[in-house]
Amino acid sequence: MLAGVYRIQKKDGTASYRSSITFSGKHISLGSFSSEREAHEAYRTADFLLHDTSVCIEHYENSPLPFNKWVSLINFRDNEIYIKTPIYLYKHYFYYYFSPDDFYIFDIDDLFYYSTRTISRRGGHLFVADYGMQVNILSRFGIKNYSTAGRDYLFINGNTKDFRYANIEVINRFHGVRKKMKSGKPVYETKIHWNGDWIVGRYDNETEAAIAYNKAASTLITKGYIKDYPVNYIEELSDEEYRTQYRKVSISPRILNLKELP
């Protein structure tokens, strides 16, 4: 067998060739290949990457190694940490790569999370598989799935691929609540949808506005205007604090005075 290659037999009896390399005491699998020559070329490429510091991620082109493995090997060479996902480490942040010129930036605090989860893209959104579910990575910032960039949250430096916490400003945390400016001061307007958008009220803070949405939704459901309204969860309030504010918060008389449906 050529260097770095060993042969295995698949269940159907056909041969497959696996390649691996050992570097700095770490044994790294490079993948399975259809021929001994391909597996050996993957080994030779990996050996070259691990020993030539002039080669960088941007040099990837027509390699026998998949791009993810290319990134992992260069990161291991430069930072002495082997990570299976396509991550390259810097001091306080890291890049998560999709291609040499397509990457996202995350805080180093998120390293464990993304080193054990693969990011997928679908419909302009980023997801990870988390406990058997597809989870939008925006949820890590308290941003809801229905939120819109530029309205509900902002990338402060304008780079929509920079997911460092200091770069994301959440404007609207709750369903039905929108932050607006009036006479230079923030006002939180609550709307609910039933046969069009109805204004529930305008409030001094987003917590009160979120509770008002819940109260309006409950009122509509109680009166028979059935709709699957989402619930705003206000984690910073105890149950008693929530009930007190719920009783006190005012909502539009237009909603309160709706007739009950038979």
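Here is a chat between a colleague and a modeller about this predicted model.

Colleague: Is the chain a compact globule or more spread out?
Modeller: It holds 6 helices and 14 strands. The globule rule gives 18 Å for 262 residues, while the radius of gyration is 27 Å, so the chain is more spread out than a compact globule. The C-alpha atoms, taken along the principal axes, fill a box of roughly 85 × 45 × 30 Å. So the label to go with is "more spread out", at a radius of gyration of 27 Å.

Colleague: What share of the residues counts as buried?
Modeller: For the surface, the chain exposes about 15,400 Å², and carbon and sulfur atoms supply 50% of that. Buried here means under 20% relative accessible area. Out of the 262 residues, the share that counts as buried is 42%.

Colleague: Let's go to the N-terminal strands. Which residue in β3 is the bridge partner of I21?
Modeller: Strand β2 covers residues 15-23 and pairs in the antiparallel sense with β1, residues 5-9, over 5 bridges. On that side, V5 stands opposite S19. β2 also pairs with β3, residues 26-33, again antiparallel, over 7 bridges. In β3, the partner of I21 is I28.

Colleague: And which residue in the β2-β3 turn has a positive phi?
Modeller: The hairpin of β1 and β2 has 5 residues between the strands, and there G13 takes a positive phi near 95°. The hairpin of β2 and β3 has 2 residues between its strands, and the one with a positive phi, about 50°, is S24.

Colleague: Which are the edge strands in the sheet of β7, β8 and β9?
Modeller: That open sheet has 3 strands in the order β7-β8-β9, with antiparallel pairing. An edge strand pairs on one side only, which fits β7 (119-122) and β9 (133-136). On average, neighbouring strands here are turned by 40° against each other, direction ignored. The edge strands are β7 and β9.

Colleague: Which residue in β9 is the bridge partner of V128?
Modeller: β7 and β8 pair over 4 bridges, with R122 opposite H125. Another 4 bridges join β8, residues 125-130, to β9. In β9, V128 has as its partner V135.

Colleague: What about the turns there: which residue in the β8-β9 hairpin has a positive phi?
Modeller: In the β7-β8 hairpin, with 2 residues between the strands, G123 has a positive phi of about 60°. The β8-β9 hairpin also has 2 residues between its strands, and the turn residue with a positive phi, about 55°, is Y131.

Colleague: Now the aromatics. Is the pair of F98 and Y104 stacked or edge-to-face?
Modeller: The whole structure has 28 aromatic pairs. For F98 and Y104, the centres are 5.7 Å apart and the planes sit at 75°. Planes over 60 degrees apart count as edge-to-face, so the pair of F98 and Y104 is edge-to-face.

Colleague: Why is the pair of F106 and F163 called stacked?
Modeller: Their ring centres are 5.7 Å apart, and the cut-off for stacked is planes under 30 degrees apart. These two planes meet that because they are at 20°.

Colleague: How many residues apart in sequence are the parts that this pair ties together?
Modeller: F106 is buried at 0% relative accessible area, and F163 counts as buried at 5%. Both belong to an aromatic cluster that also includes F98 and Y104. F106 lies in strand β6 and F163 in the loop between β10 and β11, so the separation in residues is 57.

Conventions. Residues are numbered from 1 along each chain as its sequence is written. This is a predicted model: local features need pLDDT of at least 70, side-chain atom pairs count only at pLDDT 80 or more; totals for chains, interfaces and linings use all residues. Side-chain values use heavy atoms; hydrogens and water are left out. Two strands pair if DSSP finds at least two bridges between them. Axes are lines fitted to C-alpha atoms, for helices over the stretch in contact, and angles run from 0 to 180 degrees between N-to-C directions. The radius of gyration is taken over C-alpha atoms; the globule rule is 2.2 Å times the number of residues to the power 0.38. Buried means under 20% relative accessible area, exposed over 50%, partly exposed in between (1.4 Å probe, protein chains only). Accessible areas come from the Shrake-Rupley method with a 1.4 Å probe; for residues, only the protein chains shown count as cover. Rings of Phe, Tyr and Trp (its six-membered ring) pair if their centres lie within 6.5 Å; planes under 30 degrees apart count as stacked, over 60 as edge-to-face and the rest as tilted.
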